[in-house]
Amino acid sequence: MIFVLAGFQTLEPKDVSFLTILKGANSILPQVVLASTVLALVYPPSFTWFTNRYYAPALGFLMFAVGLNSSEEDFLEAFNRPAAIFAGYVGQFVVKPILGYLFGTIAMTIFSLPMPLAAGIMLTSCVSGAQLSNYATFLTDPFMAPLSIVMTSLSTASAVFVTPLLSLLLIGKRLPVDVKGMVSNILQIVVSPIAAGLLLNRFFPRLSDAIRPFLPPLSVFVTALCVGAPLAININAVLSPFGLSVLMLVIVFHLSAFISGYTLTGLFFRNAPDVKALQRTLSYETGMQSSLLALALANKFFQDPLVGVPPAISVVIMSLMGFSLVMLWAKKKEPAV
């Protein structure tokens, strides 16, 4: 949700009142996420019309918004901290996959869950960072937002190769993994929309400025659908006898990722003047990933629908956990250095 990070500072005074209303949509995103979750559980038909075929276009829209609100300056500024960027990448594609493999194995050995459910947990751990992590960082530590953008952008761009390879490594011996198909799919729904947004912002700035203010409310609506629909469509699986076990495993998986990101950052960057802000940023980056991408890949490349259950639950859990931390840290954080 990077689109909230830019585009409002240069507004003319006459536009402020109207655009403030548009931007205000972002302030209720945590409540929208929670409301979508409750509504999906109470009345699934409210979301079931948003079927699997809409996930890829919805994710593409969010990726387009990332590109539209990114610039060369964002990257140049953040690249002054290569160690932090590398740490975020390690959190996404080393720490989190290890946790995913661990909890996927626990799902099979201790909880005796079917292999497709364990594969779904592992697949969820292999995808890139979530754009919601950028929004969470913006709400907590705005000055760290460009760094968060670069971390997510790098993991998203390289996911076209890393996610299929990690999936093959963790899951391939148990279920067939179509590496070429995954690469093609990620190019279509992630890389291409981001590139389109960057090009539009670069060569048609006036058009970009006209579009940008409308992205927050549209994206909040899309996010609500993306959170509620997977839960509503998979409601029977979520409420099944194994649903509680999967829910517990996904909760502990994300909790472990948030804690690992925060703790390891504090250990390796303890002498940094803004270590607390950096810890919060890397906690979001490690704990929140593009579960919708995992869900889209599960629906397209795995025949067993159970593979999509953990990513569907993850969409909800990582959003609720992330914004709970936002509310906690926004109140208790130390003054920015």
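Okay, let's start with a question: is Arg280 buried or exposed? Arg280 is buried, with a relative accessible area of 5%. Keep in mind throughout that what you have in front of you is a predicted model.

So, who does Arg280 pair with? Its side chain meets that of Asp141 in a salt bridge, 2.9 Å from N to O. Arg280 sits in helix α15, while Asp141 sits in the loop between α8 and α9 (145–171), so this pair ties together parts that are 139 residues apart in sequence. And Asp141 is at 2% relative accessibility, which counts as buried because the cut-off is under 20%. Both partners, then, are on the buried side of that line.

On to the other salt bridges. Side chains of opposite charge can pair when their charged atoms come close. How many salt bridges are there here? The count comes to three.

Another one joins Asp274 and Arg81, and there the closest N and O atoms are 2.8 Å apart. Again this links distant parts of the chain: Asp274 is in the loop between α14 and α15 (275–287), Arg81 is in the loop between α5 (72–78) and α6, and 193 residues separate them. The burial is split in this pair. Asp274 counts as buried at 10% relative accessibility, whereas Arg81 is partly exposed, with a relative accessible area of 26%.

The remaining pair is Arg212 with Asp209, with the closest N and O atoms 2.8 Å apart. Arg212 is in the loop between α11 (205–211) and α12. Arg212 counts as buried, at 7% relative accessibility, but Asp209 is partly exposed at 48%. What else does the Arg212 side chain have beside it? One of its polar atoms lies 3.1 Å from the backbone oxygen of Leu68. If you're clicking along in the viewer, put Arg212, Asp209 and Leu68 up together, with the salt bridge and the backbone oxygen contact in one view.

Right, helices. α12 has 19 residues and runs 26 Å from its first C-alpha to its last, close to the 27 Å expected at 1.5 Å a residue. Of those 19 residues, 15 are buried, so α12 is largely enclosed by the rest of the structure.

α7 is mostly covered as well: 11 of its 11 residues are buried. The buried residues there include Met115, Pro116, Gly120 and Ser125. In the loop between α6 (82–109) and α7 you'll find Ser112, and Ser112 is exposed, with a relative accessible area of 58%. Have a look at its backbone too: phi is positive, about 55 degrees, although Ser112 is not a glycine.

Now the empty space. Rolling a probe the size of a water molecule over the atoms shows where empty space is left. How many cavities of 30 Å³ or more turn up? Two.

The largest cavity has a volume of about 160 Å³. Its lining has 15 residues, with Leu62, Ala130, Leu132, Leu292 and Met318 nearest the centre. Which elements supply at least two residues each? Those are α4 (55–68), α8 (131–140), α12 (215–233), α16 (291–301) and α17 (309–332). The largest share, three residues, comes from α12, the helix we just saw with 15 of 19 residues buried. By class, the lining comes out as 10 nonpolar and five polar, with no charged residues.

The second largest cavity has a volume of about 30 Å³. It is lined by Ile121, Thr124, Val250, Phe253, His254, Pro310 and Ser314. The elements giving two or more residues to that lining are α7 (115–125), α14 (243–268) and α17. α14 gives the most, with three residues. The class split is four nonpolar and three polar, and again no charged residues. Two names link back to α7: Ile121 and Thr124 line this cavity, and both are among the buried residues of that helix.

Last thing, tying the cavities together. α17 supplies at least two residues to the lining of the largest cavity, and α17 also gives two or more to the lining of the second largest. Neither lining has a charged residue. That's it from me, over to you.

Technical notes. Residues are numbered from 1 along each chain as its sequence is written. This is a predicted model: local features need pLDDT of at least 70, side-chain atom pairs count only at pLDDT 80 or more; totals for chains, interfaces and linings use all residues. Side-chain values use heavy atoms; hydrogens and water are left out. On a 1 Å grid over the protein atoms alone, a cavity is a set of points where a 1.4 Å probe fits but cannot get out, and a pocket is an open set with protein on both sides within 12 Å along at least five of seven lines; lining residues have an atom within 4 Å of a point. Grid points are joined across faces, edges and corners, and a volume is the space filled by probe spheres set on the points. Helices (H or I, at least four residues) and strands (E, at least two) are DSSP runs, numbered from the N terminus. Ala, Val, Leu, Ile, Met, Phe, Trp, Tyr, Cys and Pro count as nonpolar, Asp, Glu, Lys and Arg as charged, and the others, Gly among them, as polar. A polar contact is a pair of N or O atoms within 3.5 Å; within protein, one must be able to donate a hydrogen and the other to accept it, and residues adjacent in sequence count only if both atoms are side-chain atoms. Buried means under 20% relative accessible area, exposed over 50%, partly exposed in between (1.4 Å probe, protein chains only). A salt bridge is a side-chain nitrogen of Lys or Arg within 4 Å of a carboxyl oxygen of Asp or Glu. The expected span of a helix is 1.5 Å times one less than its number of residues.
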